[in-house]
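Here are some notes to read alongside the structure. Take them one point at a time, and find each residue in the viewer as you go.

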Amino acid sequence: MKVAYLLILKGAKYRSVFDKVIAQVDKWNVIGADTRLFLVTDQQYDFHRSVTTIIEGSKLQEITKLNKAIDEFSPDIVYHRLWVLSPFLIGLLNKYKLVSEINTDIDEELLIDKYSSKKGFITYLYNAITRRYYYKRIHGSVAVTKELVNYRGLENCLVLPNSIDVESFAYRKREMERQIPSILFIGTPGLNWHGVDLLVKFAKYAKNRIHFHVVGFNDTSTTESLSNITFHGYLPMEKYSEIARQCSIGLGTLALHRKNMMEACPLKVREYLSAGLPSVLPYKDTAFLDERPDWILNVSSSEDGLSKEAMEKVIEFAQEYKDYIIPKEDVLKYIDSNALEQKRVDFFSCIAK
């Protein structure tokens, strides 16, 4: 079976998505699915033998190059991340069996940006017009949460949360005695459901008791200057790993409710756990719906942020686990990619028949 993975990735801030996809491609090839990533990008990435990069030329030239490259590969499946109908997909819709990965409620995200700019409004309308045509040509989907199963009528859907190769993850929490706990928060500017504004409220409350390290945002994210929060801006993993190793715990997305969602399985939390960092989740994580270990703390968040009771719970949790490192073997059954990616490849095989 041959799988073409189409990924359209513009902007350096999405490096973590590229890393996730490369890990998937490598895993599928090991499992036995002949997989190639077709990457449309404006960035330079390291050479990888399973990647064909489309980076130069006009939009039409890029589309022509992509279609030619995929035709030469002649896949049984074209896999892609579901979003608005891309021009890069149009020439593939009636030619190959398409499988989509559903990572979010697209309509809700577009609704958030609908009136923020002319581009946001046009994208919203374009999706409304093309969505039905697009979705009818999808042969199967993989939803990363139970909440997204059969999204907007898409059938033949497998639920499979995001995973990570725990054993080969790049860094681990450092063994050391920490005077006060520190919280690591990784986010992306422009995505208001990450809730950096709510994080600032929490930092103000926890002054002198918790220090916050924020990766992905700079200090222009807030007008307040707080001594217990450090904004590191965008950094690749090899740069922020040393910061992360010194932290006590990790913190997940704080404002998922802003796109009317309650369940998620973000990559950053998989990173935290693989590094041995106990984690706080202000939402339901698909991997921990049936069983929640002691090193996971669930709290509720709202538009006002964490309640006083929730903040006290997080501070107490950070104190308790400030020097604790989660053993890798305890994390494997929840988020490791080996068993989970085999299920995905098996799903591809059923569709390819």
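**Notes on the model**

1. Let us begin with one residue and its surroundings. Not counting residues up to four places away in sequence, L297 touches S279, V280, L281, R292, K313, V314 and F317. You will find L297 in strand β15. Its relative accessibility is 15%, so L297 counts as buried, given that the cut-off for buried is under 20%. For a sense of distance, compare L297 with I351: they are 54 residues apart in sequence, and their C-alpha atoms are 38 Å apart in space. Please keep in mind throughout that this is a predicted model.

2. Next, look at helix α9, which covers residues 308–321. The helix has 14 residues, and from its first C-alpha to its last it reaches 20 Å, close to the 20 Å expected at 1.5 Å a residue. Which residues of α9 are buried? They are A310, M311, V314, I315, F317, A318 and Y321. These buried residues cover an arc of only 160 degrees around the axis, which puts them on the same side of α9. On the face turned away from that buried side, the exposed residues are K308, E309, E316 and E320.

3. What covers the buried residues of α9? The cover includes the strands β8 (182–186), β11 (249–251), β13 (279–281), β15 (296–298) and β17 (305–306), together with helix α6 (196–205). You have already met one detail of this: V314 and F317 are among the residues that L297 touches, and L297 lies in β15.

4. Stay with α9 a moment longer and find F317 and Y321. Both lie in this helix, four residues apart, which is about one turn of the helix. Both of them are buried. Their ring centres are 4.8 Å apart and their planes stand at 40 degrees, so the pair is tilted.

5. Now step past the end of that helix to K322, in the loop between α9 and α10 (328–335). Is this lysine, K322, buried or exposed? With a relative accessibility of 16%, K322 counts as buried. Setting aside neighbours within four places in sequence, K322 is in contact with K173, R178, P181 and S248.

6. Turn to the strands. Strand β1 (residues 2–9) and β2 run parallel and are joined by eight bridges. As an example, L9 has T41 as its bridge partner in β2. Strand β2 also pairs in the parallel sense with β3 (residues 51–54), this time over four bridges. Here you can look for L39, whose bridge partner in β3 is T53. Why can we say that β2 (residues 34–41) is largely enclosed by the rest of the structure? Six of its eight residues are buried, so that description follows.

7. Aromatic rings deserve a point of their own. The count comes to 16 aromatic pairs. One of them is W28 with Y79, an edge-to-face pair with 5.4 Å from centre to centre and 85 degrees between the planes. W28 lies in helix α1 (residues 15–31) and Y79 in strand β4 (residues 77–81), so the pair ties together parts that are 51 residues apart in sequence. Both W28 and Y79 are buried. They also belong to one aromatic cluster, which Y5, W28, Y79 and F348 form.

8. Two lysines are worth finding because of where they sit relative to a ring, in the sense that a charge sits over a ring if NZ of Lys is within 6 Å of the ring centre and within 35 degrees of the ring normal. The charged end of K2 sits over the ring of F73, 4.6 Å from its centre. K268 lies over the face of F185, at 4.4 Å from the ring centre.

9. Finally, some backbone angles to check. Most residues other than glycine have a negative phi. S74 is not a glycine, yet it has a positive phi of about 55 degrees. Look for S74 in the loop between α2 (59–73) and β4; it is partly exposed, with a relative accessible area of 44%. R152 is not a glycine either, and its phi is positive at about 50 degrees. You will find R152 in the loop between β6 (138–143) and β7 (157–159), where it is partly exposed, with a relative accessible area of 40%.

Key
Residues numbered from 1 in each chain as written. Predicted model: local features only at pLDDT ≥ 70, side-chain atom pairs only at ≥ 80, totals over all residues. Heavy atoms only, no water. Buried < 20%, exposed > 50% of the residue type's maximum accessible area, 1.4 Å probe, protein only. Helix = DSSP H or I, 4+ residues; strand = E, 2+ residues; numbered from the N terminus. Pairing = 2+ DSSP bridges. Expected span 1.5 Å × (residues − 1). Arc of directions from axis to C-beta. Contact = heavy atoms within 4.5 Å. Phe/Tyr/Trp six-rings, centres within 6.5 Å; stacked < 30°, edge-to-face > 60°.
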